[in-house]
Amino acid sequence: MKIFKLKEDLSNHLNILRSQNSSIGFVPTMGALHDGHLSLIKASNQQCDKTVCSIFVNPTQFNNTADLEKYPRTIEHDIVILENSGCDILFIPEVDEIYPNNEQPVHYELGFLETILEGEFRPGHFQGVCRVVDILLNIINPSFLFLGQKDYQQCMVLKKMITLRNHHTSIVTIPTMREADGLAMSSRNMRLNTDQRIKASKIYVALQKMNQSGSLPLLIAKKQALTLLSDAGFLVDYLEVANANTLEILTEWEKTPMVILVAAYLGDIRLIDNLILPGI
Ligand code: AMP
């Protein structure tokens, strides 16, 4: 695996690969890699000739300084597991390399998508996500961008950014990898203590419970799931059912595909998850 720290070196190398007709798949991450990340690398390896993974803890997408400081960083371990995953290229830039001084941020017109759920509870978060991915796509120019369904709203936001900025890349969305008890794999899980780790699986239990409550009015099903989460010690930011295509928040079950989305704190650790419900 080749490792690059400078964007110019990386893009020169990728230009050579492209001139040899290699297709490039790109997996952006913030590191502290787990099997969820590796499922994206694996999908890229299968679909593309060369896979580029980036590890960059992007400061502009954190709306909470303490969260940024506490974000797990395990770069040496990450390099070892990437070597074993068949990843071809790793990009690990410093902050200055991505955000040179005096660079004016672009404003992305995300509209409704930025006003709900993660957008509502993490102001500015999606602007930061779009900014970093826009910059990375300009450097890497991949044919395919591999994203996890775990960050459902982020996938929709990045799809919009790609259209707004005219990037020639297609998004491939990969299903959420879970631990044996259903907890969605996440770098932040490393910060859970033993007691929190046991309770954390209740987030998936709540999603499943809602999924099985189709015979109850949606608002009652939601209330039951919220009670389950608060009894387990969660402080819930949101638990909503939305139209899976538009993210319009629903108050009644629909026949169209729906998605249940949740964000909740255990202590100071914020977990998110979602479950897609097929249309009837
Ligand atoms: P992150 O490092 O958390 O920014 O995530 C990098 C990419 O991995 C994003 O596209 C995430 O949606 C994806 N991802 C994170 N957790 C999982 C998971 N449990 N299963 C599949 N993909 C994931």
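## Helix H11 and the antiparallel sheet

Angles between elements run from 0 to 180 degrees between N-to-C directions, along axes fitted to C-alpha atoms. In this predicted model, helix H11 (residues 218-231) lies across strands S7 and S8 and runs at about 150 degrees to S7.

Strands S7 and S8 belong to an open sheet of 3 strands with the order S7-S8-S9 and antiparallel pairing. Its edges are strand S7 (235-243) and strand S9 (269-277); each has a single partner strand, so one side of each is left without a neighbour in the sheet. Direction ignored, neighbouring strands of this sheet are turned by 10 degrees against each other on average. Strand S8 (residues 258-266) pairs with S9 over 9 bridges in the antiparallel sense, and Leu-261 stands opposite Asn-274 in S9.

## The parallel sheet and its helices

A further open sheet has 6 strands in the order S1-S4-S3-S2-S5-S6, with parallel pairing. Strand S1 (2-4) and strand S6 (170-174) occupy its edges, each with a single partner strand, so one side of each is left without a neighbour in the sheet. The average turn between neighbouring strands of this sheet is 25 degrees, direction ignored.

Strand S3 (residues 50-55) and strand S4 (residues 89-91) pair in the parallel sense over 3 bridges; Ser-54 stands opposite Phe-91 in S4. Helix H1 (residues 7-19) packs on the sheet and touches S1, strand S2 (24-29), S3 and S4, its direction making about 155 degrees with that of S4. Helix H4 (residues 75-85) also packs on the sheet, where it touches S1, S3 and S4; the direction of H4 makes about 170 degrees with that of S3.

## Surroundings of the ligand

The ligand is surrounded by 16 residues, of which the closest are Met-30, His-37, Asp-151, Met-177 and Met-185. Two side chains have an N or O atom beside a ligand oxygen atom: that of His-37 at 2.8 Å and that of Asp-151 at 2.6 Å. A nitrogen atom of the ligand is 2.9 Å from a polar backbone atom of Met-185. Taken alone, the ligand exposes 490 Å², and the protein buries 92% of that.

## Ser-39 in helix H2

Ser-39 is located in helix H2 (residues 35-47). Its relative accessibility is 16%; because the cut-off for buried is under 20%, Ser-39 counts as buried.

The side chain of Ser-39 reaches the backbone oxygen of Gly-36 at 2.6 Å. Leaving aside residues up to four places away in sequence, Ser-39 touches Ile-174 and Met-177. Met-177 is also one of the closest residues to the ligand.

Definitions and conventions
Residues numbered from 1 in each chain as written. Predicted model: local features only at pLDDT ≥ 70, side-chain atom pairs only at ≥ 80, totals over all residues. Heavy atoms only, no water. Helix = DSSP H or I, 4+ residues; strand = E, 2+ residues; numbered from the N terminus. Buried < 20%, exposed > 50% of the residue type's maximum accessible area, 1.4 Å probe, protein only. Polar contact = N/O pair within 3.5 Å; in protein donor to acceptor, adjacent residues only side chain to side chain. Contact = heavy atoms within 4.5 Å. Pairing = 2+ DSSP bridges. Near = heavy atom within 4 Å. Areas by Shrake-Rupley, 256 points an atom, 1.4 Å probe, with all protein chains shown as cover.
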